[in-house]
Every structure is written in C-alpha cells, then in structure tokens.
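Trainee: Could you walk me through this structure? I have not looked at it before, so please take it slowly.

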Amino acid sequence: MRVPLSWLREYVDIDLPVAEVAELLTNAGLEVESIDYLGLPGAELEWDRERIVLAQVLKVEQHPDADRLVLATVDYGAAEPKVAVTGAPNLFPYVGRGDLRGEGLYAPYALEGAVLYDGHKDGRVKARLKGRPLRGIYNDSMLCSEKELGISEEHEGIILIHGAPGGGTGGSETRPYKAGTPLQDVLGDAVLEIAILPNTARATSIIGVARELAALTGKPLRQPSYDVVMDGPPVEGRVVITTDEPELNPRFVALVIEGVRQIPSPYWMQYRLRLVGQRPINVVVDISNYVMLEIGQPNHTFDYDVLRRRAGRYAPDGPIHIHTRLPHPGETVTTLDGAERKLEPYTILVTDPAGNLSIGGIMGGKESEINDAT
C-alpha cells in the first residue's frame, strides 16, 4: 500500500524525518518496504527550489504568429510578471478572457537552468531548460506537465491547480497558494510503500496508518468529518437492498446522488490518487476511490440510469433491487477492465434480478460503470 506523507499529515502531526517514521512503523508491524521521493532531496528528479516554483496565471493570449501557441503571463513571485510561450491545449479555453486573477489559476513554472524530464522523448530523459525563440518570441521559461516533473507520463497539457491567493496549506480546492512558492513545498512528497499483513488489516487505509502513527508518537489523531448533506426525496421506494449472506456481508447501504456534472476532479485529489497508484478518471469515480483509500471502506458508484433500465425487465413500476449473495457454480461477471471473471465460491456477488453487477468490495461491473454520459 502506498501512503503519501502529505496525506498522513491531514490526520496526525509528523515532526520526525521520513526515515524515522518508516522505522517506527516497521518496528510496529507495518513493514515499510521502500520510500519514493517526489521532487524532494533524494528523488530521481529533485525540483530546484529557485528555478521550479508555483506561478499564478494572470492572462492567456493567442500567439500572434502561431495558431497552436499561446502566451501565458504569469506571476512567479518576482517584481514583474513574465510571459511563457506554450502549446498546452488546456490553456486555450482561457484565451481572450482577460484578467484571470479572480480565477485562482496556478501552474508549476520552470525558469532557465532548471532540470526537467523532456516531455517529447520516450522514457525519462533529463534536460536543462535553455532560452530560445518560439515563432519569433524569445522564451526562457515554461509551464510544466506531469511528465516533465516526473509525476506521471501525462503530457497532453500542463498541470493546472485552482486555489485561492494567500499563504499556507490546506486540503481542498479552496486551498490558498502563493505565487513564487518553491514547488517542493506545494507538491513535493515522500510516499511510503507499506506491506500490509493479514493481522494488520486495520491499517489498510490512510487513516489506519495515521492511527498507528498517532499511537506510536503520542500525537492526537484528527478524524475527518463524516457529515454528509442529505437533500431531496428519500431513497425508500427507489432502491431496495437484500442479502442472502448476512454473516459474510453484514452491511450494504445505498444512497442516490443526483445533479452530477461530469467534470475532472480537482487537481489535489487527482495528484493524491496518482501518488497511491490510482488513475484519475472523473469526479464521481475519483471521490469514490479517494474515500475508499482514505478510510478503508469499500464503496462503488453505479450508474442509476443503467440500473433503472435493467429494472424495467423485472419491475417496470417497482424499485431497483440490489442483492448480494454467493455465486452459483460457473457464474461469471464482466468487470470494469472488460475481463470476464470466473467467480470463486466464497466471492460476494452483487446482482439484480436482471443479472450480475459487480464483485462486492473488489471491482465494479462493466455495464453499470460511471461514464461520460452518467
């Protein structure tokens, strides 16, 4: 299990060096097999604190001599803003929108002399940033993609972070940022690779590891808020849940979420998911995965419209019926990755009267997954 130190700090204060944290956890039975550093000293690519910083995007204009390039004016903490020439497609929607200060749009920004990964070459090839003209405009800085910083292989656009002007840190999309802050202090992290054994299953979550660390150091544990807003009509009469195996599946609950907009999740959430080895997909799936990893509670999001269409086969005027049971001999389910899974006899199977839906606590089914039309 991959555990970012920054995520642990949401729930417990950590004032020890990373190596000491790893030793404490290992001696307590949570074996830390390795520590991956990102951007910090010890990383394969250490982010230069002077030359790789957080910048606020102030304005985006079309390049006068190139349709596929834009000019991004940024505040990077110096006395005067600077202009970077870029072809990042996710900046094009901001062209011509004037002053962007009110939007709180930030991005990693590298100055001449910074060492980055070359985004246009296969693999991780380091290159030192040098100034040169780009279609008639001299450019000696760049806004960075995840690949250039060694976060992932993503190079379709630059990293865009939404936040509020100011200082300090936080854990939400309204997180305050300050232009010119070394990127190490914003996205730099150390990720613990922990081997979780069966007798330490209580620690299979970020909060689980934070709880262990709080006990080991005497620091208080900060639980996240479990409050949730419940508006609209009750779920009774729309969804019914039953189980054949209450001893194996003692609790299975559902709620209906409506008014969903298919947008990307905020970058801070995408970033944490990448650090723990998950691929960001969309805001609904990302929240589901985030909560599962945070508190250790398996959960899954179904497309309600798909389940409603399936219910038309067995209860046109009745509720959706979700049922859990053990599989019959030879039963299969096609999971999110498109694979047809032959089910072991001890597997908790999530079904409805129209067929199989998912493997309980393991993986969702292909037909009812969240997609762009949800």
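**Starting from one loop residue**

Mentor: Let us begin with L16, which sits in the loop between α1 and α2. Keep in mind throughout that this is a predicted model.

Trainee: Is L16 buried or exposed, or somewhere between?

Mentor: L16 counts as partly exposed, because its relative accessibility is 27%, and buried would require a value under 20%.

Trainee: And what does L16 touch, not counting residues up to four places away in sequence?

Mentor: On that count, L16 touches V21, L24 and T217. As for Y267, which is 251 residues away from L16 along the chain, the C-alpha atoms of the two are separated by 27 Å.

Trainee: Which residues line the largest cavity?

Mentor: L16 is one of them, and the lining also includes D13, I14, D15, V21, L213 and T217. By type, the lining residues divide into four nonpolar, one polar and two charged.

Trainee: What is the volume of that largest cavity, and how many cavities of 30 Å³ or more are there?

Mentor: The volume of the largest cavity is about 40 Å³, and the structure holds one cavity of 30 Å³ or more.

Trainee: Let me step back for a moment. How many helices and strands does the protein have?

Mentor: There are eight helices and 21 strands in the protein. Its C-alpha atoms fill a box of roughly 70 × 50 × 40 Å, taken along the principal axes, and 43% of its 374 residues count as buried. If you take the contacts between residues at least 6 apart in sequence, 62% of them join residues at least 24 apart.

Trainee: How about the inside, then: which residues touch the most other members of the largest nonpolar core?

Mentor: Those are L8, L25, L192 and I194, in a core of 28 residues. The elements giving two or more residues to this core are α1 (5–8), α2 (18–27), β15 (189–195), α5 (206–217) and α6 (267–275). Among the contributors, α5 gives the most, with six residues.

Trainee: What does I194 touch, leaving out residues up to four places away in sequence?

Mentor: I194 touches M1, V3, L25, L30, E31, V32 and V209 on that count. Apart from this core lies another one, of 25 residues, and L38, W47, L54 and C144 are among its members.

Trainee: You listed α6 a moment ago. Why is α6 described as largely enclosed by the rest of the structure?

Mentor: It is described that way because eight of the nine residues of α6 are buried. The buried ones are Y267, W268, M269, Q270, Y271, R272, L273 and L275. Just after α6 comes G277, which takes a positive phi of about 95 degrees.

Trainee: Which residue that is not a glycine has a positive phi?

Mentor: R135 is one, with a positive phi of about 50 degrees although it is not a glycine. Most residues other than glycine have a negative phi. R135 lies in the loop between β9 (132–134) and β10 (137–139), and with a relative accessibility of 53% it counts as exposed.

Trainee: Changing topic, where is N289, and is it buried or exposed?

Mentor: N289 is in helix α7, which covers residues 283–295, and at 14% relative accessibility N289 counts as buried. Leaving aside its neighbours within four places in sequence, N289 is in contact with L273 and Q278.

Trainee: And E245, where is that found?

Mentor: E245 is in the loop between β16 (239–243) and α6, and its relative accessibility of 25% makes it partly exposed. Not counting residues up to four places away in sequence, E245 touches T324, R325 and L326. Although E245 and R325 are 80 residues apart along the chain, their C-alpha atoms are separated by 5.9 Å.

Trainee: Before I go, where is the pLDDT below 50?

Mentor: That applies over residues 166–173, a stretch that has 18 contacts in the model beyond near neighbours in sequence. Where pLDDT is low, the predicted coordinates should not be read in detail. For the protein as a whole, the pLDDT averages 92, and 97% of the residues score at least 70.

Definitions and conventions:
Residues numbered from 1 in each chain as written. Predicted model: local features only at pLDDT ≥ 70, side-chain atom pairs only at ≥ 80, totals over all residues. Heavy atoms only, no water. 1 Å grid on protein atoms, 1.4 Å probe; cavity = no way out; pocket = protein on both sides within 12 Å on 5 of 7 lines; lining within 4 Å. Points joined across faces, edges and corners; volume = space filled by probe spheres on them. Nonpolar A, V, L, I, M, F, W, Y, C, P; charged D, E, K, R; others polar. Core = buried A, V, L, I, M, F, W, Y, C linked by side-chain atoms within 4.5 Å. Buried < 20%, exposed > 50% of the residue type's maximum accessible area, 1.4 Å probe, protein only. Helix = DSSP H or I, 4+ residues; strand = E, 2+ residues; numbered from the N terminus. Contact = heavy atoms within 4.5 Å. pLDDT = per-residue confidence, 0-100.
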